[in-house]
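Q: Could you take me through one part of this predicted model up close, and then show me how the rest of the strands are arranged around the chain? I'm in my first year, so please go step by step.

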Amino acid sequence: MSRTLLRSVLELRTPITRLPPSFLLPIRTAGGVRSLHQTSQIVDPVQQQQPEAGLPQQTQQPKPSSSSSPIAAAASNISSAPKPLHPSVKQLLPVLAAQPGRYITIHIHGKPYLVTQGDSVRLPFKMPNVQPGDVLRLNRAVNLGSRDYTLQGSPYVDERLFECRAVVTGVESEPMRTLIKKKRRCRRKKTVHSKHRFTILRISELKIRDVNELD
């Protein structure tokens, strides 16, 4: 027992130098000590070669685009040209214009409205960027007709055949709505208020144009 105590006392008096693991020690080479930490390599930027004096420089010319070709220009002119009217339309359009009580089914923001001249339309939304007194040209119509004749579009009637204009008379608002939302077995309640606004239009003009004016 005394030997064990003596050995422990001797170990405490003589400090023991413990070396770190071998992978943390520097590597010794013939030239000296080489550290494992490497610095980033510095690369000089590549300098552009400047042309020698007296030599002509070559410039890249832009390639001609396909839209500037005469074939593309001719195709665009053909597509922008209005389509010719069917002979039956030219024949029956004056008869339709002579009849009273004409109606038209117009599309406003994707919704159809069957109207005649003088009608008032209450849109189910507030039309943006309009003020009372503005005149709107309605050029999308599904059909145009009277008591005896109907001109059906595919999908819309040619806007050259008619003129339909509407005047913005004002904006109306409904009474305030109050909705209380509550879940079962929950005391918390949520109150939601809403007040919708609607744009009012009046059809001021519905005219069928003459066939001679289209030519």
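A: Let's start with β10 and β11. Strand β10 covers residues 177-182 and pairs with β11 in the antiparallel sense, over six bridges. One of the matched positions is threonine 178, whose bridge partner in β11 is histidine 193. The two strands form a hairpin with six residues between them. In that turn, look for arginine 185, which has a positive phi of about 55 degrees.

How many of the six residues of strand β11 are buried? The number is zero, so β11 (residues 189-194) lies largely in the open. A residue has to be under 20% relative accessible area to count as buried. For the whole chain of 215 residues, 21% count as buried.

Now let's step back to the wider picture. This predicted model has four helices and twelve strands in its chain. About 18,400 Å² of the chain is exposed, and carbon and sulfur atoms supply 53% of that area. Among contacts between residues at least 6 apart in sequence, 65% join residues at least 24 apart.

Next comes an open sheet of four strands. Its order is β4-β3-β7-β8, and the pairing is antiparallel. At the edges you find β4 (111-115) and β8 (150-152), each of which pairs on one side only. On average, neighbouring strands of this sheet are turned by 20 degrees against each other, direction ignored.

Follow strand β3 (residues 103-108) here. With β4 it runs antiparallel, and five bridges join the two. Isoleucine 104 has valine 115 as its bridge partner in β4. The hairpin of β3 and β4 has two residues between the strands, and histidine 109 takes a positive phi near 55 degrees there.

Strand β3 also pairs with strand β7 (residues 141-145), in the antiparallel sense and over four bridges. Threonine 105 stands opposite asparagine 143 in β7, while isoleucine 106 stands opposite alanine 141. As you trace the strands, keep one rule of thumb in mind: in a regular strand, side chains alternate between the two faces of the sheet.

Alanine 141 leads us to another residue worth a stop, valine 157. Valine 157 has its place in the loop between β8 and β9 (162-173). Is valine 157 buried or exposed? Its relative accessibility is 7%, so valine 157 counts as buried. Along the chain, valine 157 and alanine 141 are 16 residues apart, yet their C-alpha atoms are separated by 5.6 Å. Leaving out residues up to four places away in sequence, valine 157 touches Ala141, Val142, Asn143, Leu144, Leu151, Gln152 and Phe162.

A second open sheet is also made of four strands, in the order β5-β12-β9-β6, and its pairing is antiparallel. Here β5 (120-122) and β6 (135-137) stand at the edges with a single partner strand each, so one side of each has no neighbour in the sheet. The twist from one strand to the next averages 35 degrees.

Start at β5, which pairs with strand β12 (residues 197-208) in the antiparallel sense over three bridges. Arginine 122 has isoleucine 200 as its bridge partner in β12. The charged end of arginine 122 also sits over the ring of phenylalanine 198, 4.2 Å from the ring's centre. How many aromatic pairs does a search of the whole structure find? The search finds zero.

For a last stop, turn to strand β9, where arginine 165 is found. With 26% relative accessibility, arginine 165 counts as partly exposed. Arginine 165 and leucine 136 are 29 residues apart in sequence, but 5.5 Å apart in space, C-alpha to C-alpha. Not counting residues up to four places away in sequence, arginine 165 touches Val135, Leu136, Arg137, Arg202, Ile203, Ser204 and Glu205.

To return to the hairpin where we began: β10 and β11 are joined by six bridges, and β11 lies largely in the open, because none of its six residues is buried. Valine 157, with its 7% relative accessibility, is a buried residue to set beside that strand.

Notes
Residues are numbered from 1 along each chain as its sequence is written. This is a predicted model: local features need pLDDT of at least 70, side-chain atom pairs count only at pLDDT 80 or more; totals for chains, interfaces and linings use all residues. Side-chain values use heavy atoms; hydrogens and water are left out. Two strands pair if DSSP finds at least two bridges between them. Axes are lines fitted to C-alpha atoms, for helices over the stretch in contact, and angles run from 0 to 180 degrees between N-to-C directions. Rings of Phe, Tyr and Trp (its six-membered ring) pair if their centres lie within 6.5 Å; planes under 30 degrees apart count as stacked, over 60 as edge-to-face and the rest as tilted. A charge sits over a ring if NZ of Lys or CZ of Arg is within 6 Å of the ring centre and within 35 degrees of the ring normal. Buried means under 20% relative accessible area, exposed over 50%, partly exposed in between (1.4 Å probe, protein chains only). Contact means heavy atoms within 4.5 Å. Accessible areas come from the Shrake-Rupley method with a 1.4 Å probe; for residues, only the protein chains shown count as cover.
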